[in-house]
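Biologist: I would like to learn how to read a structure like this one. Can we go through it feature by feature?

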Amino acid sequence: MILLDGKKTSADIKEEIALEVGALKRNEKKAPHLAAIIVGNDGASLTYVNAKVKACERVGFESTLIQLPEETTEAELLNEIEILNVDNDIDGFIVQLPLPKHIDEQKVLLAVDPAKDVDGFHPENVGRMALNLPTFISATPFGILELLDRYEVETSGKNVVVIGRSHIVGSPMSILLSQKRKVGNATVTLTHSRTQNLEAITKEADIIVAAIGIPEFLKGNMVKDGVVVIDVGITRVADASKKSGFRLVGDVAFDEVAEKSSFITPVPGGVGPMTIAMLLKNTLIANKRRNS
Ligand code: NAD
């Protein structure tokens with residue numbers, strides 16, 4: 001069994017990005033600049049967004065964090081987005097989700113200039129992804145493609161089973177892996193909460209992507225020998241032995257599935273760390289497109 005080490009791979013990617021940024025600066029070109037908007041004081045969202053800003057600094061990007069109060073109106077947020085859309089210094093920006101309930105998330109995502117939409121959530125970019133045209137592939141699916149690529153996991157002609165059909169993971173993953181691309185050309189089955197006899201389907205899979213959000217959902221008896229397993233799930237489970245009071249658990253019963261796997265991602269340290277690295281990569285791509 002080979003561990004698909006997202007921590008190490010993301011560190012490698014960040015190092016490569018830092019080298020590219022160094023070269024840009026030496027050539028007196030502008031360093032990529034990522035902005036992030038966060039509305040409200042949700043602890044987990046603040047942690048995520050601060051991690052993104054810190055990661056920017058480490059690779060030599062410029063970063064701007066715009067913190068807006070919980071009571072910000074939809075109109076005020078749309079106005080901030082418009083300011084970033086027209087700011088020539090900003091290559092890409094993200095609006096940290098979830099947003100407070102009084103703000104329409106769809107309206108906000110639609111307001112972001114697709115050329116600066118480094119999260120890849122704008123419908124235009126999702127459509128371009130579905131058509132295999134140049135776009136920003138959103139960070140989690142992009143990170144999974146990158147992990148499979150760097151570990152040279154063969155996907156062409158393989159039976160892939162994706163569990164979960166969310167707009168941010170399951171659905172794009174099923175589209176990308178079925179496309180004609182280097183990490184792709186697979187025969188993909190997209191399964192979800194209404195799928196019947198899931199176990200019979202997963203047992204036939206060469207590669208399984210689990211994005212459900214139910215801790216240890218995928219058991220050893222649901223997979224065949226030699227399977228490749230990508231565990232996207234992250235659930236906080238109470239654990240008194242930890243200082244934080246919880247531990248992170250994936251969608252895969254790791255020990256029993258790992259025993260039968262050829263490759264598997266751990267949780268934590270698998271898909272999770274790849275996300276920020278791919279956001280940085282998208283920002284570098286945005287910078288290059290704007291300056292080419
Ligand atoms: P979601 O929570 O929006 O939806 C869950 C999906 O699972 C649905 O499509 C549903 O149909 C499916 N599902 C639910 N019960 C099922 C069942 N019994 N059998 C088959 N399918 C079932 O999904 P999401 O936003 O993709 O999140 C999934 C998990 O991935 C969560 O734990 C989330 O925290 C995690 N996540 C991790 C990252 C990362 O960077 N590692 C990024 C995004 C999401």
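Modeller: Let us start with a cavity. Strand E4 (residues 92-95) gives the most to the lining of the largest cavity, with three residues. Keep in mind that this is a predicted model.

Biologist: How does one find such a space?

Modeller: Rolling a probe the size of a water molecule over the atoms shows where empty space is left. Here the structure holds one cavity of 30 Å³ or more. The volume of the largest cavity is about 60 Å³.

Biologist: Which residues line the largest cavity?

Modeller: The lining consists of Phe93, Ile94, Val95, Leu109, Val112, Asp117, Asp119 and Phe121. Sort them by class and you get six nonpolar, no polar and two charged residues.

Biologist: What about pockets? How much space lies in the second largest pocket?

Modeller: The second largest pocket holds about 200 Å³. It is lined by 14 residues, and those closest to its centre are Glu216, Leu248, Val249, Phe254 and Val267. Strand E10 (246-249) and helix H9 (254-258) each supply at least two residues of this lining.

Biologist: How many residues of each class are in the lining of the second largest pocket?

Modeller: Eight are nonpolar, one is polar and five are charged.

Biologist: Now the sheet. How do I read strand pairing?

Modeller: Strands of a sheet pair through backbone hydrogen bonds, either parallel or antiparallel. In this model, six strands make an open sheet. Read across it and the order is E1-E11-E8-E7-E5-E6, with parallel pairing.

Biologist: Which are the edge strands?

Modeller: Strand E1 (2-3) and strand E6 (187-191) are the edges, and each pairs on one side only.

Biologist: Can you show me one pair in detail?

Modeller: Take strand E5 (residues 159-163) and strand E7 (residues 207-210). They pair in the parallel sense over four bridges. Look at Val161: its bridge partner in E7 is Ile208.

Biologist: There is a ligand too. Which residues come nearest to the ligand?

Modeller: There are 20 residues around the ligand, and the nearest are Arg165, Ser166, Val232, Ile234 and Thr275. Among the elements, helix H10 (residues 271-291) gives the most to this shell, with three residues. By class, the shell has ten nonpolar, nine polar and one charged residues.

Biologist: Where do polar backbone atoms meet oxygen atoms of the ligand?

Modeller: Check three places. At Arg165, a polar backbone atom is 2.8 Å from a ligand oxygen. At Ile234, the distance from a polar backbone atom to a ligand oxygen is 3.0 Å. At Ser193, such a distance is 3.1 Å. On its own, the ligand has 850 Å² of accessible area, and the protein covers 71% of it.

Biologist: Last topic: the backbone. What should catch my eye?

Modeller: Most residues other than glycine have a negative phi, and most peptide bonds are trans. So look for the exceptions. One cis peptide bond joins Leu97 and Pro98, with omega about 0 degrees. Pro98 sits in the loop between E4 and helix H4 (105-111).

Biologist: What is omega for the bond from Val267 to Pro268?

Modeller: Omega is near -5 degrees, and this bond is cis. Pro268 lies in the loop between strand E11 (261-264) and H10. Val267 also appeared earlier, among the residues closest to the centre of the second largest pocket.

Biologist: And phi? Where is Asn185 placed?

Modeller: Asn185 is in the loop between helix H7 (170-178) and E6. Its phi is near 55 degrees, a positive value in a residue other than glycine.

Terms used
Residues are numbered from 1 along each chain as its sequence is written. This is a predicted model: local features need pLDDT of at least 70, side-chain atom pairs count only at pLDDT 80 or more; totals for chains, interfaces and linings use all residues. Side-chain values use heavy atoms; hydrogens and water are left out. Two strands pair if DSSP finds at least two bridges between them. On a 1 Å grid over the protein atoms alone, a cavity is a set of points where a 1.4 Å probe fits but cannot get out, and a pocket is an open set with protein on both sides within 12 Å along at least five of seven lines; lining residues have an atom within 4 Å of a point. Grid points are joined across faces, edges and corners, and a volume is the space filled by probe spheres set on the points. Ala, Val, Leu, Ile, Met, Phe, Trp, Tyr, Cys and Pro count as nonpolar, Asp, Glu, Lys and Arg as charged, and the others, Gly among them, as polar. A residue is near a molecule or strand if one of its heavy atoms lies within 4 Å of it. A polar contact is a pair of N or O atoms within 3.5 Å; within protein, one must be able to donate a hydrogen and the other to accept it, and residues adjacent in sequence count only if both atoms are side-chain atoms. Accessible areas come from the Shrake-Rupley method with a 1.4 Å probe; for residues, only the protein chains shown count as cover.
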